Amino acid sequence: MKRVAKFEKVSYEQFEKDYLDTFGLAGDDTSKRLRQEIESMYYGLELPTRATSGSAGYDIRTPFSFSLKPGEEIKIPTGLRCKMNDNYVLLVFPRSGLGFKYRETMSNTI
């Protein structure tokens, strides 16, 4: 199979910037403690993988756990980037079961 793309982690500095841009500083978090949590998330990042050799796509895991209430939205800094050959596109979809069970959708539809 011809490889057309490669997943990589962004730099730690980029991940920290994206996380803080998304969530800011929590009221009771000290800067040192928050930075330690961000570092732990970053170094725990997993690159996307295929569940099986016949999988149509890759599974992307979030760097932290979260729960959403009905109607609630979240922006997730994945810490990932993808280098691709020209004339290819990367599409992101929620797992099919989540859409059926919980009506999960992407804000930009894909």
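Six salt bridges turn up in this structure, which is a predicted model. They make a handy trail, but take in the whole chain before following it.

**The overall layout**

Colour by secondary structure and you should find three helices and two strands. Going along the sequence, the order is β-α-α-β-α. Switch on the surface: the chain exposes about 8900 Å² of accessible area, and carbon and sulfur atoms account for 51% of that. Of the 110 residues in the chain, 18% are buried. For contacts between residues at least 6 apart in sequence, 56% bring together residues at least 24 apart.

**Stop one: the two strands**

Select glutamate 8, which lies in strand β1 (residues 5-9). Its relative accessibility is 16%, so glutamate 8 counts as buried. Show what surrounds it: leaving aside residues up to four places away in sequence, glutamate 8 touches Leu47, Gly79, Leu80, Arg81 and Lys83.

Now add the side chain of arginine 81. Its salt bridge with glutamate 8 has an N to O distance of 3.1 Å. This pair ties together distant parts of the chain, with arginine 81 in strand β2 and glutamate 8 in strand β1, 73 residues apart. Is arginine 81 buried or partly exposed? It counts as partly exposed, because its relative accessibility is 42%.

**Stop two: between the helices and beyond**

Next, pick glutamate 16 and arginine 35, whose side chains meet in a salt bridge at 3.2 Å, N to O. Here the link runs from helix α1, home of glutamate 16, to helix α2, home of arginine 35, across 19 residues. Glutamate 16 is buried, with 16% relative accessible area, while arginine 35 is partly exposed at 30%.

Then go to lysine 75 and aspartate 21, another salt bridge, this one at 3.4 Å, N to O. Lysine 75 is in the loop between α2 and β2, aspartate 21 is in helix α1, and 54 residues separate them. Aspartate 21 is exposed, with a relative accessible area of 57%. Before leaving the charges, select Glu8, Arg81 and Lys83 together: salt bridges with shared partners join these residues into one network.

**Stop three: the rings**

How many aromatic pairs does the whole structure hold? A search finds nine. One to zoom in on is tyrosine 12 with tyrosine 43, a stacked pair with centres 6.3 Å apart and 0 degrees between the planes. It spans 31 residues, from tyrosine 12 in helix α1 (residues 12-23) to tyrosine 43 in helix α2 (residues 31-43). Tyrosine 12 counts as buried because its relative accessibility is 14%; tyrosine 43, at 59%, counts as exposed.

Widen the selection to Tyr12, Phe15, Tyr42 and Tyr43, and you have one aromatic cluster. Add lysine 9 too: its charged end sits over the ring of tyrosine 42, 4.3 Å from the ring's centre.

**Last stop: the loop after β2**

Move to the loop between β2 and α3, where asparagine 87 is found. Check its backbone: asparagine 87 has a positive phi of about 70 degrees, although it is not a glycine. At 82% relative accessibility, asparagine 87 counts as exposed.

Leucine 90 is in the loop between β2 (80-84) and α3 (96-102). With a relative accessibility of 42%, leucine 90 counts as partly exposed. Finish by selecting Ile60, Met84, Tyr88, Leu90 and Val92 with the surface on: these residues make a nonpolar surface patch of about 410 Å².

How values were computed
Residues are numbered from 1 along each chain as its sequence is written. This is a predicted model: local features need pLDDT of at least 70, side-chain atom pairs count only at pLDDT 80 or more; totals for chains, interfaces and linings use all residues. Side-chain values use heavy atoms; hydrogens and water are left out. Patches are made of residues with over 30% relative accessible area and no salt bridge: like charges are joined within 9 Å, nonpolar side chains (Val, Leu, Ile, Met, Phe, Trp, Tyr) within 5 Å. Accessible areas come from the Shrake-Rupley method with a 1.4 Å probe; for residues, only the protein chains shown count as cover. A salt bridge is a side-chain nitrogen of Lys or Arg within 4 Å of a carboxyl oxygen of Asp or Glu. Helices (H or I, at least four residues) and strands (E, at least two) are DSSP runs, numbered from the N terminus. Buried means under 20% relative accessible area, exposed over 50%, partly exposed in between (1.4 Å probe, protein chains only). Rings of Phe, Tyr and Trp (its six-membered ring) pair if their centres lie within 6.5 Å; planes under 30 degrees apart count as stacked, over 60 as edge-to-face and the rest as tilted. A charge sits over a ring if NZ of Lys or CZ of Arg is within 6 Å of the ring centre and within 35 degrees of the ring normal. Contact means heavy atoms within 4.5 Å.
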